[in-house]
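Subject: Handover of a structure, with notes on its charged residues

Dear colleague,

Please find below the structure that I am passing on to you. My notes on salt bridges and polar contacts follow it.

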Amino acid sequence: MKIAKEAWPFVLPTLVLAAVAAFLESWLVSALLLALAVAFLFFFRDPARSWDGPEEIVLAAADGVITAIEPFEDENVGGEILRIVTFLSVFNVHVQRCPVEGEVVHSSHRSGRKVAAFDREAGEINESHLTVIRRAEGDLIGTRQIVGLIARRIVPYLKPGDRVSRGQHFGVIKFGSRVDLLLPASYEPLVKVGDKIRCGETPVAMPTDPSSHPISDSGDQE
């Protein structure tokens with residue numbers, strides 16, 4: 001399994017300290033540090049994901065649990081929209097993937113607080129990064145990466161003008177956090193509150209178009 005590159009600033013110093021502790025015959029400390037290095041590798045794991053269904057389907061941008069599906073307003077994504085909130089625990093994969101294919105038209109960081117990501121107000125007051133993708137038909141799809149009580153940093157990969165494919169990596173949040181998927185109000189959710197989803201693999205929404213094709217799933221498993 002691949003490991004996100006953001007793991008190594010945590011893993012390598014921990015391994016060095018473990019080696020020093022072993023050299024000093026502090027076996028318990030060395031063992032604890034090795035366990036911590038393994039935990040960092042687990043946290044930054046990047047499993048293969050794919051889904052070969054219809055192009056109009058919006059895929060999950062993050063692993064986690066759906067905690068809210070609600071109307072929302074965001075001028076960067078078109079005013080009145082639909083927000084699907086995903087909470088990530090420290091046990092979830094923390095690499096995020098593009099929910100749709102298109103062109104990045106907006107990327108901005110917002111400073112803020114670091115309250116618990118499951119707090120309902122976290123999306124409005126916490127530090128976050130918004131990425132907006134314009135689909136070929138013109139629809140704007142936003143993803144807002146939000147830090148939590150433990151998460152301290154967002155690492156976005158994309159910038160305006162980038163062309164992206166559905167399922168492509170677009171960033172990492174270091175430790176527990178939240179990701180909001182921002183969609184046109186006309187889109188229909190394919191998930192419900194409480195569902196566990198996987199980025200790049202779980203269908204979460206689709207345009208309300210009667211000509212849409214049936215959903216088919218051929219995703220790889222983690």
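Are D180 and R83 buried or exposed? Both residues are buried: D180 is, and so is R83. Please bear in mind that this is a predicted model, and that the values below are computed from it.

**The network around R83**

D180 and R83 form a salt bridge in which the closest N and O atoms are 3.6 Å apart. This pair links distant parts of the chain, since D180 belongs to strand 13 (residues 177-184) and R83 to strand 5, with their positions 97 residues apart in sequence. Salt bridges with shared partners join E70, R83, R178 and D180 into one network.

Within that network, R83 also forms a salt bridge with E70, and here the closest N and O atoms are 2.4 Å apart. Again distant parts of the chain are linked: R83 lies in strand 5 (residues 79-88) and E70 in strand 4 (residues 64-74), 13 residues apart. R83 has a relative accessibility of 5% and therefore counts as buried, the cut-off being under 20%. E70, with a relative accessible area of 10%, is buried as well.

**The pair K2 and D46**

In total, the structure holds 11 salt bridges. One of them joins the side chains of K2 and D46, at 3.9 Å from N to O. Because K2 lies in strand 1 (residues 2-3) and D46 in strand 2 (residues 45-46), the pair ties together parts that are 44 residues apart in sequence. The two partners differ in their exposure: K2 counts as exposed at 55% relative accessibility, whereas D46 counts as buried at 7%.

**The surroundings of D74**

D74 is also placed in strand 4, and its relative accessible area of 7% makes this residue buried. Two polar contacts of the D74 side chain deserve mention. One reaches the backbone nitrogen of N76 at 2.8 Å, and the other joins the side chain of D74 to that of R144 at 3.0 Å. Leaving aside residues up to four places away in sequence, D74 touches G79, I81, L130, R144 and L182. R144 thus appears both as a polar partner of D74 and among the residues that D74 touches.

I would be grateful if you could look over these sites in the model.

With kind regards

How values were computed
Residues numbered from 1 in each chain as written. Predicted model: local features only at pLDDT ≥ 70, side-chain atom pairs only at ≥ 80, totals over all residues. Heavy atoms only, no water. Salt bridge = Lys/Arg side-chain N within 4 Å of Asp/Glu carboxyl O. Helix = DSSP H or I, 4+ residues; strand = E, 2+ residues; numbered from the N terminus. Buried < 20%, exposed > 50% of the residue type's maximum accessible area, 1.4 Å probe, protein only. Polar contact = N/O pair within 3.5 Å; in protein donor to acceptor, adjacent residues only side chain to side chain. Contact = heavy atoms within 4.5 Å.
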